[in-house]
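Student: I should like to take a close look at a single part of this structure. Please treat it in one connected account.

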Amino acid sequence: MNELENKLSDYIDALNAEQEPEKGQLAAGTPELEKLMATVLQVRTLKEPALPAPGYPKRLAKAVAVQIQENNSSNYQRGRRLRNRWIGPFVALAAGLLLVAVLTSWTGLFNRDVVYAMEKAVVSLSNYHGILEVRSRNAAGEEWLARRVELWSEGDKYAMRQDDGTLTVNNGERKWQVRPQSKEVALLPPAPDPAKTGFDLRDEAKRAKQYPHTVAGTELVAGRQATKLEISPPGGLPYYLWIDAETNLPVQLQTAMQNALMTTFTFTSFEPNMPIDPHVFTYQQPEGYTVVEKDPGQLVATVQEAAVISNFTPLLPQEAPGRIFAFQDRIVLDYGDTTIIETVAQESFEPVANSALGTAAGGPLEVWWERLRWRQEGLEIQIDGIRRVELAGQIAADLTLPDNGQNLLNRAQVKVPVDLEIVKANQQQVDRGSSPWQLDPLQVATTFVNLKVTPDGIQGEPLIPASAFKLAVNNGAQAVVEVTGGPIKQVYLERLVRQDETGIWSVVGYDPR
Amino acid sequence: MRQAPGFSCNVLDNLIVVIDVINRPGKKVQLLVTTVEELKKAKEGDRQAIERVCSATWEPLYRFIYFKVQNREEAEDITQETYVKTLTYLQKHQALQGNFLGFMKTVALNVLRDRWRQKKRRGAPVNFEEINPEETAHMDHQKAVAQRLQLENALAKLSEDQRTVLDLRIIKSYSVAETAKLTGKTEAAVRTAQYRALQGLAKILEDHA
């Protein structure tokens with residue numbers, strides 16, 4: 001029975017991913033299973049169809065023309081299928097229509113989860129053009145426009161024009177910045193490219209899903225009806241996100257009042273899934289402008305070419321990268337959603353203070369936000385993006401991620417009582433930007449041990465120096481710090497409020513020497 | 001002009017007008033126009049003519065195919081194959097004097113049946129010439145409307161839990177893990193619940209067939 005249930009579930013998953021179910025899923029079934037699969041198809045007819053990505057008629061015509069020409073020349077063909085494998089398929093609108101259809105027909109039967117709908121709409125967003133305004137307000141109620149940015153985004157490409165006319169473009173092959181004030185064009189490395197605007201649609205959708213949220217009503221935002229969501233990061237102050245009722249996409253974000261300042265990001269105009277003029281992403285040096293170039297990297301065809309430019313041979317996953325960029329000191333392998341950066345290892349490997357630790361190639365593996373970093377065969381390898389674990393595993397076969405199911409704290413010989421209210425207040429303080437040292441387990445351990453030695457407070461340099469503390473384990477939620485001198489041998493720490501990179505560490509136990 | 005509730009099509013002098021009444025709330029009506037001249041060029045492989053024909057006619061055809069296969073990947077493939085087969089067929093036969101869209105739907109049905117046969121190794125072949133395209137398209141639309149009504153009635157007979165699991169998994173396309181989170185069930189319980197809900201629905205549909 002389980003096998004049949006799983007098969008049926010896989011079949012539904014394939015259709016939900018808008019993919020043709022595997023032949024095995026169809027052929028190996030019993031008549032009962034086939035009947036249920038047919039019922040699945042029938043239920044799905046209540047949905048709006050997922051339409052192809054924009055530009056489909058052109059791609060279709062091209063593929064048809066090629067096949068007809070092949071037919072004409074050989075009079076026999078089986079024909080290559082020129083399946084469109086475009087990223088960012090256009091289903092946002094379909095998703096919106098589907099929800100409307102479902103709500104119209106089954107109102108009251110189901111709870112509509114706007115966050116899931118938003119997440120799906122964001123994933124399906126193929127391109128957009130919009131104007132993003134960033135406004136700040138102080139505790140006295142004074143509000144001002146901090147900046148206004150015009151944005152064009154299509155797949156991996158984007159262009160961004162600031163108030164002062166500065167235009168930054170990354171077209172997937174090159175990145176450049178046109179600076180009208182100084183009349184220069186700066187050529188910049190196209191990958192990796194850090195976050196663009198401070199209000200990234202994908203990040204916001206992810207955060208909203210991750211943290212508890214409630215619907216706080218509907219409001220008009222820049223003339224559009226939007227659902228207001230209150231999002232409450234554990235232990236943090238709530239903030240608000242507005243989701244456009246028509247497209248299910250986030251249109252406004254308002255931060256909590258932190259340090260007497262609150263910021264609101266608003267798309268005052270937003271056109272999702274509309275064709276964008278290709279000229280926006282075409283490099284053209286304006287007349288009279290000088291070109292400023294500081295190792296912008298070169299797009300190369302093979303790893304061998306990259307090796308010649310960068311003077312080292314990178315370690316490669318089995319899967320070939322989409323693009324390779326070679327710089328004087330590094331090689332970047334770009335997989336679209338994930339980027340690998342390799343450099344020659346220099347000095348000792350120091351994981352970021354609030355990272356979790358795993359192992360790779362027999363050494364430590366730094367796990368920090370969506371980034372993995374380790375050393376292997378004299379190279380330092382850093383992978384950012386959603387497929388980091390899969391690709392890292394192809395380079396370092398022994399890759400082990402931190403085991404956050406493992407309880408490290410049971411071993412502590414002395415338990416340290418913790419007042420959760422104080423910890424929560426500390427977390428909010430850190431969220432406001434104060435005392436960031438609490439995000440670093442080493443610094444928390446250093447402070448704790450030195451206060452044991454000098455309970456009246458640390459004057460000047462701590463008695464037991466920071467160099468005596470070494471992070472032994474950090475699985476992201478719990479950590480153990482070893483101390484080479486003083487009355488304490490090991491310190492046990494835990495992220496009690498929030499178990500991600502924004503969560504503070506508290507000492508929950510120690511082993512006396 | 002024939003007034004069918006679903007799709008109808010006419011050749012008026014040199015114009016092929018495809019009227020697409022899409023069956024959804026709001027009843028959007030689209031007029032899609034292509035010409036006999038363009039069709040002639042298209043069947044000879046003229047890329048621009050093919051593009052104009054595709055632009056004018058792809059959507060109702062795609063929707064028709066999607067209705068049958070319920071996934072974009074296969075719908076795109078079959079749409080493409082249908083255009084190739086239609087234009088190749090027209091190269092060998094005289095110009096089409098009737099319902100172009102209906103004809104393409106018939107070709108699409110043949111492609112679909114071929115694929116199903118390949119998958120299941122059974123089923124009967126369908127001949128192009130034996131099918132009345134206008135009737136096929138018309139019948140299909142009526143059938144779709146009837147099926148929708150029947151389905152909505154059948155769904156209403158399920159328990160609320162069963163409707164919820166089908167809504168989340170199939171209509172809203174949530175994963176098993178997401179559905180489990182939303183309903184407070186385990187993933188295994190979601191798989192069992194969706195299996196039983198579909199069994200229940202299939203039985204109701206069979207009983208009322």
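Student: Which residue stands opposite A:Glu133 in E2(A)?

Tutor: In this predicted model, the residue of E2(A) that stands opposite A:Glu133 is A:Arg148. The strands concerned are E1, residues 127–138 of chain A, and E2, residues 143–154 of chain A. They run antiparallel and are joined by 11 bridges. Four residues lie between the two strands of this hairpin, where A:Gly141 adopts a positive phi near 90°.

E1(A) also pairs with strand E11, which spans residues 261–272 of chain A. This pairing is likewise antiparallel, and 11 bridges join E1(A) to E11(A). One of the pairs in it is formed by A:Tyr128, whose bridge partner in E11(A) is A:Pro272. As for burial, nine of the 12 residues of E1(A) are buried, so the strand is largely enclosed by the rest of the structure.

The side chain of A:Glu133 deserves separate attention. It meets the side chain of A:Arg135 in a salt bridge, with an N to O distance of 3.3 Å. Side chains of opposite charge can pair when their charged atoms come close. The two partners are covered to differing degrees: A:Glu133 has a relative accessible area of 11% and is therefore buried, the cut-off being under 20%. A:Arg135, at 29% relative accessibility, counts as partly exposed because this value lies between the cut-offs of 20% and 50%.

Salt bridges are found elsewhere too, and a search of the whole structure gives 26 over all chains. In chain A, the side chains of A:Glu380 and A:Arg373 meet at 2.7 Å, N to O. A:Glu380 counts as buried at 15% relative accessibility, and A:Arg373 is buried with a relative accessible area of 10%. In chain B, a salt bridge links B:Glu59 to B:Arg63, with their closest N and O atoms 3.0 Å apart. These two residues are four apart in helix H2 (residues 47–69) of chain B, so about one helical turn separates them. B:Glu59 and B:Arg63 are both buried. Returning to chain A, salt bridges with shared partners join A:Glu366, A:Arg371, A:Arg373, A:Arg375 and A:Glu380 into one network.

The setting of the strand is a chain with 11 helices and 25 strands. Of the 513 residues in chain A, 49% are buried. Among its contacts between residues at least 6 apart in sequence, 52% join residues at least 24 apart. The accessible surface of chain A comes to about 24,500 Å², and carbon and sulfur atoms account for 52% of that surface.

Key. Residues numbered from 1 in each chain as written. Chains lettered and ligands numbered in written order. Predicted model: local features only at pLDDT ≥ 70, side-chain atom pairs only at ≥ 80, totals over all residues. Heavy atoms only, no water. Buried < 20%, exposed > 50% of the residue type's maximum accessible area, 1.4 Å probe, protein only. Pairing = 2+ DSSP bridges. Contact = heavy atoms within 4.5 Å. Areas by Shrake-Rupley, 256 points an atom, 1.4 Å probe, with all protein chains shown as cover. Salt bridge = Lys/Arg side-chain N within 4 Å of Asp/Glu carboxyl O.
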